[in-house]
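Please look through the sequence and the three-dimensional model shown here, and then follow the account of its strands, contacts and core below.

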Amino acid sequence: MYNYWGFGLNIASEIEFPEFLPADFDSPDITISKGNSPRQLSGDDVMQKVNVSMSSKEYLQNVVNVAYYYVANGNEICIQPHEGADEKSIRFFALSNAMAAVLHQRNNILLHASGVYYNAGVVLFCGHTGAGKSTVVTMLQQKGYKVFSDDVCVLKTADNNSKTTMAIPSYPMINLWADSFAKIGLEPPDNNTRLRPNLAKFGRFYHDNYETASTPIKRVFILNAYSQARQVEIKKLGTIEAFSALQQNTYSYVQINGMKKKAHHFMATSKLAAGVQVYLVNRIPGENTLNEVIALIEANLRDER
Amino acid sequence: MKDNMTGQNFAQKKIVWLASYPKSGNTWFRAFLTALLGDGNIDINKMEADCVFSSRSIFDAATDMDSTCLYDAEIKNLLPDVFTYVSSVCQRSHLFVKIHDAYTKNTNDVAIVPEQPTLCALYFIRSPLDVAGSFAHHNASTIDQRIALMNNPHGVLTKIKGKDGEVNTKNWIEQLLLSWSGHVKSWTDNPEVPFPVLVVRYEDMLNEQFNTFSNAAKFIGLEKTPGEIKNAIDASHFEKLKQQENEKGFAQKNPRSESFFRSGKSGGWKHELTVQQILSLVDNHGEMMQKYGYEIPDIALLPENENRTQKEL
């Protein structure tokens with residue numbers, strides 16, 4: 001059995017996950033096992049979609065040619081690989097869909113965001129895949145910022161009346177598309193670091209410079225790669241706009257809906273929208289505007305410290 | 001027939017595919033449908049058939065997958081189930097889905113367009129000589145680049161296969177077009193297409209408006225009066241759509257191009273294509289052009305223009 005830390009949880013796994021941080025603990029929060037997965041879920045509250053079904057307590061995803069992922073009770077992930085499936089793909093969907101499901105079952109809300117540490121907290125960059133989250137964070141890493149999390153982080157609303165929302169990082173790996181390496185000025189990636197065999201996306205570990213503590217969110221930038229903007233621009237969003245943008249950037253609305261977590265979703269995103277400044281960064285589609293985006297973000301951070 | 005687990009209705013056939021090679025009248029017809037089925041007003045950013053086959057958000061919502069991390073073949077293998085599911089949860093009698101993909105099969109040897117939920121398809125066709133210029137304008141590319149794509153038997157939109165592997169981050173899923181002729185043949189002259197297909201010529205939408213729109217509405221089972229058809233045609237007049245784009249923008253415009261709506265006319269190719277470009281399109285697509293009533297131009301009779309010198313002629 002391998003023991004890890006990831007997404008704020010102690011994880012005992014039968015499968016090796018180099019992506020997670022090795023950890024010591026007495027009892028795990030969740031277990032990941034290899035075994036026989038059910039083929040379907042039953043019950044009145046099961047939402048059935050394409051190759052995926054879910055209720056508040058169970059989640060079942062069949063990734064064709066990869067594996068069945070059965071997630072239950074907020075503490076159990078069972079993986080049944082399909083014959084001939086590659087290990088990277090098996091791990092990839094465990095780290096994304098299955099981990100999201102187990103976290104939702106535990107009433108956690110995930111933000112589709114990467115982040116860096118800044119000013120005794122973290123600054124988050126939200127956006128859909130391809131918006132530039134990982135590229136921005138890697139660029140900032142090259143400029144000396146310490147990376148907090150990539151792609152997703154867990155929102156942790158404090159129990160008291162504090163306005164602060166804390167974030168918990170996922171695991172110490174940045175996912176970068178092949179073209180980002182040249183844009184940032186990095187050496188081309190090692191083929192062994194591919195996330196899936198035929199995908200031009202690569203993982204960059206940062207286990208040596210990683211912290212697991214939950215950290216207050218100081219500011220959020222929403223990266224928009226599909227704007228009709230003619231130049232890179234940044235604008236502050238009002239609370240309602242910020243709430244809407246954060247709702248759209250939570251990870252897997254399908255799961256939130258199917259697992260009946262809308263109330264938690266509303267609470268987490270409304271508190272975050274009310275407690276931090278949220279900015280929209282419009283990029284110019286199809287153009288490499290990374291340096292302008294970084295300059296605008298850094299200027300914004302300096303101006304409103 | 002209802003699914004025991006979900007109670008979803010899988011039996012009713014309600015998808016009407018609005019199929020076309022790009023820039024062939026699909027959006028115009030959607031504007032007409034919007035006016036016909038709504039209150040007569042059109043907001044070009046909220047049209048009927050905003051359900052688009054290659055939409056990443058529809059795929060992701062139906063599968064709980066991040067499609068950017070799937071291979072194109074994996075996506076194509078799931079698409080038939082995705083649209084069967086989308087149809088099953090649609091509350092309306094018709095579900096209009098815009099599609100630019102050719103009618104092809106996935107690696108499971110299953111048609112990417114599912115038969116089960118399909119009512120019928122409208123196939124919009126426009127002279128490839130006019131498509132070339134409009135398509136180039138739409139993508140802010142050259143006419144030669146667009147003609148090369150139209151002649152490519154393996155042509156795709158939103159290409160995702162790069163030298164390092166699949167880079168699947170665009171807003172749309174990759175669409176296999178085939179060549180222009182291959183596209184037309186796949187939808188209109190293919191014994192494997194198991195549902196009725198009505199071919200609608202862009203030129204007839206311009207010149208035989210009432211009959212063309214009226215026939216199309218009837219084909220898809222919309223019972224409308226001649227007055228309602230006429231009003232919808234008037235509301236979706238090209239100049240009105242263009243004016244709206246000028247005033248409010250259009251979300252489906254390619255960010256690199258100046259506008260989505262250009263001239264909305266036929267025969268513009270006579271003023272913008274070179275002899276070589278005309279010959280290239282005719283050589284590659286003459287058979288399909290003739291099949292659908294597009295005259296093969298006599299190069300010697302074409303007027304001279306800035307792209308076509310007397311020497312070329």
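Chain B has 12 helices and nine strands, where helices (H or I, at least four residues) and strands (E, at least two) are DSSP runs numbered from the N terminus. Everything here is a predicted model, in which local features need pLDDT of at least 70 and side-chain atom pairs count only at pLDDT 80 or more, while totals for chains, interfaces and linings use all residues. Residues are numbered from 1 along each chain as its sequence is written, and chains are lettered from A and ligands numbered from 1 in the order in which they are written.

Of the 313 residues of chain B, 42% count as buried, a residue being buried if 20 or more other C-beta atoms, placed from the backbone, lie within 10 Å of its own.

In chain A, strand β7 (residues 58–63) runs antiparallel to strand β8 (residues 67–72), with six bridges joining them; strands pair if DSSP finds at least two bridges between them. Val63(A) has Ala67(A) of β8(A) as its bridge partner, and Asn65(A), in the hairpin with three residues between these strands, takes a positive phi near 70°. β8(A) also pairs in the antiparallel sense with strand β9 (residues 76–81) of chain A, over six bridges.

The largest nonpolar core (a set of buried Ala, Val, Leu, Ile, Met, Phe, Trp, Tyr and Cys residues joined through C-beta atoms within 7 Å) has 159 residues, of which Ile77(A), Ala94(A), Leu124(A) and Ala132(B) touch the most other members. Helix α1 (residues 87–105) of chain A gives the largest share of this core, 11 residues. Because domain 1 (2–106) and domain 2 (110–303) of chain A both give residues to this core, it lies between them; the domain bounds come from an automatic or database domain assignment.

Conventions
Buried ≥ 20, exposed ≤ 12 C-beta atoms within 10 Å, placed from the backbone.
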